[in-house]
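Trainee: I'm new to this one. Could you walk me through how to read it?

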Amino acid sequence: MPVSNSLIARAAFIVCLVVAAFWLAWQVVDILLLLFAAVLVALALHALAAPIARVTGLSPRLALIPTILILLVLMGLSSWLFGSVIRGQVVDLIARLPGAWQSVQDRFEILNVSDALREKAEAAVPSGTAVLSFLSGFTMNVANAALGVFLILVGGIYLAVQPRLYRDGVLRLLPTGSRGWWRDRLDRAAVALRGFLKAQLVAMVVVGVVTSAGLALIGVPSALARGLFAGLAEFVPMVGPVAAAVPALLLALNGGVEEAGWTLLLFVVVHQLVSNILAPMLQQEMVNVPAAVTLFAVVAFGTVLGPLGVLLATPLTVLIFALMRPAEEAGPT
């Protein structure tokens with residue numbers, strides 16, 4: 001039966017519409033990533049507000065008020081007690097890293113590629129222009145990062161106050177017959193992401209505390225700052241712990257091979273603690289994503305989407321697995 005011209009035109013129009021939608025999404029991919037990060041903040045606020053709602057009898061929306069106030073008080077108290085110490089250690093850590101890397105290069109006779117590249121750059125660009133260009137780019141990056149954090153936090157609060165309003169608004173963009181299926185998928189994805197955030201928060205706290213205590217016992221300087229960095233890096237599984245261990249080992253090498261050996265042993269023990277003891281205990285809270293998938297997801301999202309893609313690679317993977325998983329395999333609700 002011959003295909004009519006109207007059907008061909010309709011198919012071509014649908015294809016063009018889909019291509020245009022993907023192109024538009026690619027143009028605003030950074031905004032979509034910020035929106036997803038805001039969704040994670042909203043889910044975290046709801047998870048923290050749930051116990052308060054149960055104890056006080058408040059509605060989930062009203063329970064957000066004491067939750068946010070408690071978080072602000074805790075952050076202010078932490079800043080007052082440890083802020084100056086952490087700030088000083090972070091500054092000291094940043095100041096030590098270039099010298100530590102130079103010392104490692106001198107000790108192991110590593111070719112200083114960065115110096116060669118810098119010399120070529122300085123020869124190609126006048127020094128004054130290079131400094132102005134660097135300062136301009138650095139200022140712009142700091143401003144963009146601050147704006148992004150502000151949008152994520154404020155957007156997360158708005159999403160947490162009226163989650164169903166925004167969810168139903170998204171569902172209205174879909175065909176009527178598929179809205180029930182997508183509503184169920186989104187609810188399951190929310191449960192999976194909430195479990196992921198709970199598990200990661202516990203893992204980050206444990207890694208940060210154990211690493212700080214271990215480095216302090218070894219006698220490594222700036223132990224609190226390094227432990228804080230290790231805890232934050234734990235949010236990106238597999239890649240994050242390696243990224244946290246590299247600067248710590250570089251600095252430990254300045255104190256001698258013995259100090260570097262103890263530091264390496266500490267990071268290995270912490271990694272084994274998380275992988276073999278903590279992770280199985282938290283597994284019931286998380287979607288079971290294979291380790292190889294997590295590793296390549298971090299690399300893929302980082303390559304395509306940049307630093308924000310690396311940071312959000314694991315929750316994005318959890319989201320995809322939760323949306324694809326059959327209903328009978330759903331996790332805890």
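Mentor: Happily; we'll go from the overall fold to the cores, a few single residues and a pocket. Keep in mind that this is a predicted model.

Trainee: Where do I start? How many helices and strands are there in the protein?

Mentor: Start with the secondary structure and read it from one end to the other. Here you'll find 12 helices and zero strands. Along the sequence, the pattern is α-α-α-α-α-α-α-α-α-α-α-α.

Trainee: And how do I get a feel for the way the chain folds back on itself?

Mentor: Look at how far apart in sequence the contacting residues are. If you take contacts between residues at least 6 apart in sequence, 68% join residues at least 24 apart. You can also ask how much of the chain is hidden: of the 333 residues, 29% count as buried.

Trainee: Which residues have the most contacts inside the largest nonpolar core?

Mentor: For a core, look for buried nonpolar residues whose side chains touch one another. The largest one here has 22 residues, and those with the most contacts inside it are F36, L40, L193, L197, L312 and V318. Helices α2, α7 and α12 are the elements that give two or more residues to this core. The biggest contribution is from α7, with seven residues. There's also a second, separate core of 13 residues, including V220, A223, A245 and F267.

Trainee: Let's zoom in on L197. What is L197 in contact with, leaving aside its neighbours within four places in sequence?

Mentor: With a single residue, find its element first, then its partners. L197 lies in helix α7, and its contacts beyond those neighbours are L40, L43, A44 and F235. Take L43 as an example: L197 and L43 are 154 residues apart along the chain, yet their C-alpha atoms are separated by 8.3 Å.

Trainee: Why does L197 count as buried?

Mentor: Compare its relative accessibility with the cut-off, which is under 20% for buried. L197 counts as buried because its relative accessibility is 16%.

Trainee: Can I try T67? Where is T67 placed, and is T67 buried or exposed?

Mentor: Same routine. T67 sits in helix α3, residues 60–108. With a relative accessible area of 3%, T67 is buried. Setting aside neighbours within four places in sequence, T67 is in contact with L45, L48, A49 and I52.

Trainee: What about Q200? What does the side chain of Q200 reach?

Mentor: For a side chain like this, look for a polar partner. Q200 is in helix α7, residues 179–218, and is buried, with a relative accessible area of 7%. The side chain of Q200 reaches the backbone oxygen of E234 at 3.0 Å.

Trainee: Last topic: pockets. What volume does the second largest pocket have?

Mentor: Begin with the volume, then look at the lining. The second largest pocket has a volume of about 1900 Å³. There are 41 lining residues, and the closest to its centre are F36, V39, V170, L186 and L319.

Trainee: Which helix supplies the largest share of the lining of the second largest pocket?

Mentor: That's α2, with 13 residues. Helices that each supply at least two residues of this lining include α1 (5–27), α5 (127–161) and α6 (163–171). By type, the lining of the second largest pocket divides into 36 nonpolar residues, one polar and four charged.

Trainee: And F36 turns up again?

Mentor: Yes. F36 is among the residues with the most contacts inside the largest nonpolar core, and F36 is also one of the residues closest to the centre of the second largest pocket.

Notes
Residues are numbered from 1 along each chain as its sequence is written. This is a predicted model: local features need pLDDT of at least 70, side-chain atom pairs count only at pLDDT 80 or more; totals for chains, interfaces and linings use all residues. Side-chain values use heavy atoms; hydrogens and water are left out. Helices (H or I, at least four residues) and strands (E, at least two) are DSSP runs, numbered from the N terminus. Buried means under 20% relative accessible area, exposed over 50%, partly exposed in between (1.4 Å probe, protein chains only). A polar contact is a pair of N or O atoms within 3.5 Å; within protein, one must be able to donate a hydrogen and the other to accept it, and residues adjacent in sequence count only if both atoms are side-chain atoms. On a 1 Å grid over the protein atoms alone, a cavity is a set of points where a 1.4 Å probe fits but cannot get out, and a pocket is an open set with protein on both sides within 12 Å along at least five of seven lines; lining residues have an atom within 4 Å of a point. Grid points are joined across faces, edges and corners, and a volume is the space filled by probe spheres set on the points. Ala, Val, Leu, Ile, Met, Phe, Trp, Tyr, Cys and Pro count as nonpolar, Asp, Glu, Lys and Arg as charged, and the others, Gly among them, as polar. A nonpolar core is a set of buried Ala, Val, Leu, Ile, Met, Phe, Trp, Tyr and Cys residues joined through side-chain atoms within 4.5 Å. Contact means heavy atoms within 4.5 Å.
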